[in-house]
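Dear colleague,

I am passing a structure on to you, and I would be grateful if you could look through it before reading my notes underneath.

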Amino acid sequence: MMKVNYKKLDDKAVTPSCGSEYSAGMDLSALIQNGAKAQRIPAGATVKIGTGIAMEIPEGYFGAIFARSGMATKRGLRPANCVGVIDSDYRGEIIVPLRNDTDKCETVRDGDRIAQMIIMPYLGVELKEVGELNDTERGVGGFGSTGVSTEIYGQMCFDMNGNIMDGVETSI
């Protein structure tokens, strides 16, 4: 098991921890600043939420910040950049920009688990500019070029409250 040094930047900061023995991600908890007990996130807005934690991630690894599934699916709150990256040479506070994808204001309370971090390896790369790239069967085929159907089906779409959205069709 890898050991990673961390520092509490505030006595109230919650130590990152795994929810179970086999959890891949460590939960990161909100540390609301200025003596407040909660932070409101308006509908459609993004608010940076601190954790009060800094880490010393080993060279050759990075911290990947992911949404907590329950918070994202039940409350519509997720990291604004979808997956955050904490580089191994960063020593500042881990901050999670939370995006409210709902149509109502949400509240994050001090100590709420707001995201999860997985320490992952990466391969360093050196880019080399060339005049031509090797050809492949796919070539320059982009979005949907590997056989994804673009046929439109008459499926109904629902809003966040379960109401049918008129005139909306989905592509599969």
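The notes below go from the whole chain to its sheet, its core and two loop residues.

This is a predicted model, in which local features need pLDDT of at least 70 and side-chain atom pairs count only at pLDDT 80 or more, while totals for chains, interfaces and linings use all residues. Residues are numbered from 1 along each chain as its sequence is written, and side-chain values use heavy atoms, with hydrogens and water left out.

The protein chain has 1 helix and 16 strands, where helices (H or I, at least four residues) and strands (E, at least two) are DSSP runs numbered from the N terminus. Of its 172 residues, 26% count as buried, a term that means under 20% relative accessible area, with exposed being over 50% and partly exposed in between (1.4 Å probe, protein chains only). Among contacts with a separation of 6 or more, 67% are between residues 24 or more positions apart, contact meaning heavy atoms within 4.5 Å.

One open sheet has 3 strands in the order β5-β10-β8, with antiparallel pairing; two strands count as paired if DSSP finds at least two bridges between them. Its edge strands, each pairing on one side only, are β5 (46-50) and β8 (77-79). Between β8 and β10 (residues 95-100) there are 3 bridges in the antiparallel sense, and R78 has R99 in β10 as its bridge partner.

The largest nonpolar core holds 23 residues, and I65, I94, V108, I114 and M117 have the most contacts inside it; such a core is a set of buried Ala, Val, Leu, Ile, Met, Phe, Trp, Tyr and Cys residues joined through side-chain atoms within 4.5 Å. At least two residues of this core come from each of β3, β5, β6 (53-56), β10 and β12 (113-121), and β12 gives the largest share, 3 residues. If neighbours within four places in sequence are left aside, the contacts of M117 include M26, L28, M55, I65, I86 and I94.

Most residues other than glycine have a negative phi. N34, which is not a glycine, nevertheless has a positive phi of about 60°, and it is found in the loop between β3 (26-29) and β4 (38-41), where N34 is exposed, with a relative accessible area of 80%. C82 likewise has a positive phi, near 65°; C82 lies in the loop between β8 and β9 (84-86) and is partly exposed, at 47% relative accessibility.

With best wishes
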